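Here are my notes on the model you sent over. Have it open beside you and take the points one at a time.

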Amino acid sequence: MAKNVNERKKQIGEIVTMLALLDGYSLMLVKTSVDTLAAREQMEKMVDAMPEKVIR
């Protein structure tokens, strides 16, 4: 577990360093993409938890 946490922190540090080099527009695109992925994951969790309430 500790190894995974350390690896995750290392990855986050690398990502933050890369994000610091982006201009405002590129950073906005990255944020929008991350927000979209997070919303999609949340929707998938809800579908799994309550499949009877999902209209397809």
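1. Start with the charged pair: Asp35 forms a salt bridge with Lys31, with 2.5 Å between the closest N and O atoms. The term means a side-chain nitrogen of Lys or Arg within 4 Å of a carboxyl oxygen of Asp or Glu. Side chains of opposite charge can pair when their charged atoms come close. By this rule the count comes to 1 salt bridge.

2. A word on what you're looking at. This is a predicted model, where local features need pLDDT of at least 70 and side-chain atom pairs count only at pLDDT 80 or more, while totals for chains, interfaces and linings use all residues. Residues are numbered from 1 along each chain as its sequence is written, and side-chain values use heavy atoms, leaving out hydrogens and water.

3. Why are Asp35 and Lys31 separated by about one helical turn? Because they are 4 residues apart in helix α2, which covers residues 24–49. Helices here are DSSP runs of H or I with at least four residues, strands are runs of E with at least two, and both are numbered from the N terminus. The protein chain has 2 helices and 0 strands.

4. Is Asp35 buried or exposed? Neither, quite: at 39% relative accessibility, Asp35 counts as partly exposed. Buried means under 20% relative accessible area, exposed means over 50%, and partly exposed lies in between (1.4 Å probe, protein chains only). For the whole chain of 56 residues, 0% count as buried.

5. Thr36 sits in helix α2 too, and is partly exposed at 40% relative accessibility. A polar atom of its side chain lies 2.8 Å from the backbone oxygen of Thr32. Look back along the chain as well: Leu21 is 15 residues away from Thr36, and their C-alpha atoms are 22 Å apart.

6. Don't skip the nonpolar patch on the surface, formed by Leu22, Leu27, Val30 and Val34, with about 290 Å² of accessible area together. Patch members have over 30% relative accessible area and no salt bridge; like charges are joined within 9 Å, and nonpolar side chains (Val, Leu, Ile, Met, Phe, Trp, Tyr) within 5 Å. Val30 belongs to helix α2 and is partly exposed at 33%.

7. Over in helix α1 (residues 2–19) you'll find Val5, partly exposed with a relative accessible area of 35%. The C-alpha atoms of Val5 and Gln42 are separated by 23 Å, with the two residues 37 apart along the chain.

8. Last, the overall outline. The C-alpha atoms of the protein chain fill a box of roughly 45 × 35 × 10 Å along the principal axes.

Note on methods. Areas by Shrake-Rupley, 256 points an atom, 1.4 Å probe, with all protein chains shown as cover. Polar contact = N/O pair within 3.5 Å; in protein donor to acceptor, adjacent residues only side chain to side chain.
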